[in-house]
Amino acid sequence: ASRLTTGLTVPPSAVRAYYETHRKLYGSTQYARIAPTIRSQLLAQRRNAVLAGWLAKVRASERKPKLD
């Protein structure tokens with residue numbers, strides 16, 4: 001799994017965009033204080049998406065048993 005997700009990053013612009021879009025969630029919390037948490041959440045979402053895609057490919061390539 002780590003080989004599939006090595007090199008995944010979240011650009012600062014994506015973190016800022018998420019913060020701006022979901023600003024009501026953070027109330028008066030300043031961007032600089034919450035940015036590391038947002039970055040971690042977005043990175044986890046990207047990892048999950050990559051792993052889900054890989055798993056779908058593996059499942060699709062498995063041989064299906066014949067039901068005679």
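Arg23 is partly exposed, with a relative accessible area of 41%; on this scale buried means under 20%, exposed over 50%, and partly exposed in between (1.4 Å probe, protein chains only). The model is predicted: local features need pLDDT of at least 70, side-chain atom pairs count only at pLDDT 80 or more, and totals for chains, interfaces and linings use all residues. Residues are numbered from 1 along each chain as its sequence is written, and side-chain values use heavy atoms, with hydrogens and water left out.

**Salt bridges**

Arg23 takes part in a salt bridge with Glu20, where the closest N and O atoms are 3.4 Å apart. The term salt bridge stands for a side-chain nitrogen of Lys or Arg within 4 Å of a carboxyl oxygen of Asp or Glu. Side chains of opposite charge can pair when their charged atoms come close. The whole structure has 2 salt bridges. Glu20 also forms a salt bridge with Arg16, with 3.5 Å between the closest N and O atoms. Arg16, Glu20 and Arg23 are thus joined in a network of salt bridges.

Arg16 and Glu20 are 4 residues apart in helix α2, so about one helical turn separates them. Helices here are DSSP runs (H or I, at least four residues), as are strands (E, at least two), and they are numbered from the N terminus. Glu20 is partly exposed at 40% relative accessibility, and Arg16 is partly exposed with a relative accessible area of 38%.

**Aromatic cluster**

Arg16 has a second contact: it lies over the face of Tyr31, at 3.7 Å from the ring centre. A charge sits over a ring if NZ of Lys or CZ of Arg is within 6 Å of the ring centre and within 35 degrees of the ring normal.

Tyr31 also belongs to a cluster in which ring pairs link Tyr19, Tyr26 and Tyr31. A pair of aromatic rings is described by the distance of the centres and the angle of the planes. Rings of Phe, Tyr and Trp (its six-membered ring) pair if their centres lie within 6.5 Å; planes under 30 degrees apart count as stacked, over 60 as edge-to-face and the rest as tilted. The structure holds 2 aromatic pairs, set out below.

| Pair | Centre to centre | Angle between planes | Type |
|---|---|---|---|
| Tyr19 and Tyr26 | 5.8 Å | 20° | stacked |
| Tyr19 and Tyr31 | 5.3 Å | 70° | edge-to-face |

The pair of Tyr19 and Tyr31 links distant parts of the chain: Tyr19 is in helix α2 (residues 12–21) and Tyr31 in helix α4 (residues 31–61), 12 residues apart. Tyr19 is buried, with a relative accessible area of 1%. Tyr31 is buried as well, with a relative accessible area of 18%. Tyr26 is also buried.

**Nonpolar surface patch**

Leu4, Trp54 and Leu55 make a nonpolar surface patch of about 260 Å². Patches are made of residues with over 30% relative accessible area and no salt bridge: like charges are joined within 9 Å, nonpolar side chains (Val, Leu, Ile, Met, Phe, Trp, Tyr) within 5 Å. The accessible areas come from the Shrake-Rupley method with a 1.4 Å probe; for residues, only the protein chains shown count as cover. Leu4 is in helix α1 (residues 2–5), and counts as partly exposed at 35% relative accessibility.

**Positions along the chain**

Asn48 is found in helix α4 and is exposed, with a relative accessible area of 53%. The C-alpha atoms of Asn48 and Thr5 are separated by 9.0 Å, while the two residues are 43 residues apart along the chain. Val10 lies in the loop between α1 and α2 and counts as buried at 9% relative accessibility. Its C-alpha atom is separated by 11 Å from that of Arg47, 37 residues apart along the chain.

**Overall form**

The protein chain has 4 helices and 0 strands, and its elements run α-α-α-α from the N terminus on. The radius of gyration is 18 Å, well over the 11 Å that the globule rule gives for 68 residues, so the protein chain is more spread out than a compact globule. That radius is taken over C-alpha atoms, and the globule rule is 2.2 Å times the number of residues to the power 0.38. Along the principal axes, the C-alpha atoms fill a box of roughly 65 × 25 × 15 Å. Of the 68 residues of the protein chain, 16% count as buried.
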